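Me: Please take a close look at one part of this model, the aromatic residues and how they pair. Go through it residue by residue.

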Amino acid sequence: MDLVVTNKGTDNIALLAGYGNGTFASPKMYSTGSSSSISVTIGDLNRDSRLDIVVISNDTSTIGIMLGYDEFFPIQTTYSTGTAPYSVAIGDFNNDIHLDIVVANRDSTTISILLGYGNGSFEDQMTYSTGTWPGSVAVGDFNNDTLLDIVVANSNGNTISILLGYGNGSFEDQMTYSTGSEPTSVAVGDFNNDTLLDIVVANNGDNTVSILLGYGNGSFANQTTYSTGDTPESVAVGDFNNDTHLDIVVANFGDNTVSILLGYGNSSFANQTAYSTDSGPLSVAVGDFNNDTRLDLVVTNFNDANVSILLRYDRGALKDKITFASGDGSRLRSFAVYDFNNDSLLDIAVVNYGSNSIGVLLGYGNGTFGNQMVLSTGLNSHPYSIAIHDFNKDGQVDIAVANHGSENLVTFLGNENGTFENQASYGVDFDFAPLMVGVGNFNKDGRLEIFIAYDGIDDVDVLVTYNIGSFSYQKKYSTGTWPRSVAVGDFNNDTLLDIVIANWGGNAVIVLLGHGNGSFANQTTYATGSGPVSVAVGDFNNDTLLDIVVANYDNNTVSILFGYGDGSFGDQMTYATGTWPGSVAVGDFNNDTLLDIVVANNGDNFISILLGYGNGSFANQTTYSTGAAPKYVAVGDFNNDTLLDIVVANTDSNTISILLGYGNGSFANQTKYSTGSVPNFVAVDDFNNDNQPDIVVTNWNDNTISVLLGYGNGLFVNQTTYSSGLSPKSVAVGD
């Protein structure tokens, strides 16, 4: 949906094209030749299946017609009206299937009817008398004869006028009904579910709306009034809470709010709920602006010269943030997410380096968590990393812990209620301090393997699990210098998982091919750019074989290495990025079924998008601004439009940036959300079981993680923080 806005005092109207996610492009201006264009409506006036615009020019006593083309509107055609036209509506008043126009003329106390020829042109006006100062007009069939009638709000007469249509373009003389003081806006709808149209009027002078129930014969009951905010100027209707009953929204000019009055379906309404706008809300309209099937609001703010978009979330009030403290001196190192107690709700396991324990926090399914259950990992064990899986194949999830201080790996076997054995069941000792632990099934024997990376040496070990939750002795595999990032994939098409590692110190990636029995071939090394720090895999040339992309931090490039399908790779091709590319991710950002690349440039405050051609080559980068020092990037569909969006962790500005994708390879300007201090890693998952993606961020400098729950329309709740111990570096998510 798009917006068209009348601009009083600037001789133009503004057209804002919508992106379908609740955001809009910058306005495109069209001249009206009037400094008092105050009302607008739209419809297909020339039957070309394109929407056209009708705009009132109050100071020239004319209306302007702008016929729509695919991407623009031509110069307007003007038609005379009465004096000081204030409101316009359209409908087929003579049953010739061509749209006609009705205009309320405030100073001449009339309405003008302009019958359409169906080609975008209109007959000269016919006028009908109304009450004093008619300022708003709407149409509907009020007497159930299938012919359109007209209702007019008469501001100075404190009445509405009903003009019943004959179906030939002419109308009966008005019948009037009392309203509140200074009625300024009128709308129609069935408020009592009797299939007969009723009327709602916003009364500017006494801060009320009037409800007039229709009898279906063109007459109406006396008004019932409901309170609004200060100086209501505009009224519209819609079902805002999905109960199939019509509700009312009012723009209150005097207190900078809109009022929502929820309907009960029996002609009565709940007391108003007010929502803030910018200064001087003058008009309100209803539509689904972010394609989530829920009605949203757009409000024009006269004093601030802007429009407000209010997206509906179908949610209650948000609770204050909840902070979890793992304990004094816990110095959290990492955590994992899983459903430990089989209640279909995600829980969290945290690693307490300083207090020699791990903690399990059971989730409530609403983004909050219970107190932690503490499991000791041993004296001076200093646990550093955990992996989650069912290691003994009893149907219950278990935890494997890599202890940096005691240089060993221990397991905690899980029970079905989310509890674990109080002491570690099985352990494996190492010669060096383990730093990271991960899980995968590399030999297709139904048993999981655990791989271990160490602090200070260039090896990766693989441990094969047995069905009692224990592990065979480790197998070590050398890597290059300073391994920084790892990814897995089947690089030689034998259906067995292989490993690729980015070695920052060696300016290379190494590939370890899996034999299918839990062991791996010796490493094969492939040159990259300088300082490779992040690696990802994907098929970039559409040959069904996996390729590799690497972010080279020290020489501002990404390297592409094409896979031959036998476990070997071609020489790198490089593409320029911004300064200090620190993270790379892949996805189809322009819906051409071809993989593209996104890179977070830590030194330049932007991300780079490299669109893939499907033959292994990429377009030159397109950049989009982020916060200061973007460190890590991830992708997901945050507004449920089936198009990939991007989230970036900005280390120096303590924010994340959300960039919503348009599906053509371009992205909207960032929306920022606050995090903790120095966010350096971000991941995406659904943490509160509402089927909407949420975000978790590690905050290195203040020892917390931030959870931002998503609304599913591209917006997020402000962060809830949980203590994570000392300098959390990364996060993993899974069920």
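Reply: Tryptophan 580 has a relative accessible area of 43%, so it counts as partly exposed, because buried would need under 20% and exposed over 50%. This is a predicted model, and the burial classes are computed from it. Tyrosine 553, by contrast, is buried, at 17% relative accessibility.

In the whole structure, a search gives 19 aromatic pairs. One of them is edge-to-face: phenylalanine 491 with phenylalanine 569, 5.5 Å from centre to centre and with 75° between the planes. Distant parts of the chain are linked by this pair, as the two residues are 78 residues apart. Phenylalanine 491 sits in the loop between strand S39 (483-489) and strand S40 (498-503), and phenylalanine 569 in the loop between strand S45 (557-561) and strand S46 (573-576). Both phenylalanine 491 and phenylalanine 569 are buried.

Tyrosine 553 and tryptophan 580 also pair: their ring centres are 5.8 Å apart and their planes are at 20°, so the pair is stacked. This pair, too, links distant parts of the chain, with the two positions 27 residues apart in numbering. Tyrosine 553 lies in the loop between strand S44 (547-552) and S45, while tryptophan 580 lies in the loop between S46 and strand S47 (581-587). Together with Trp482 and Trp504, Tyr553 and Trp580 form one aromatic cluster.

A ring elsewhere has a charged partner: arginine 106 lies over the face of tryptophan 133, at 4.1 Å from the ring centre.

Definitions and conventions. Residues numbered from 1 in each chain as written. Predicted model: local features only at pLDDT ≥ 70, side-chain atom pairs only at ≥ 80, totals over all residues. Heavy atoms only, no water. Phe/Tyr/Trp six-rings, centres within 6.5 Å; stacked < 30°, edge-to-face > 60°. Helix = DSSP H or I, 4+ residues; strand = E, 2+ residues; numbered from the N terminus. Buried < 20%, exposed > 50% of the residue type's maximum accessible area, 1.4 Å probe, protein only. Lys NZ or Arg CZ within 6 Å of the ring centre and 35° of its normal.
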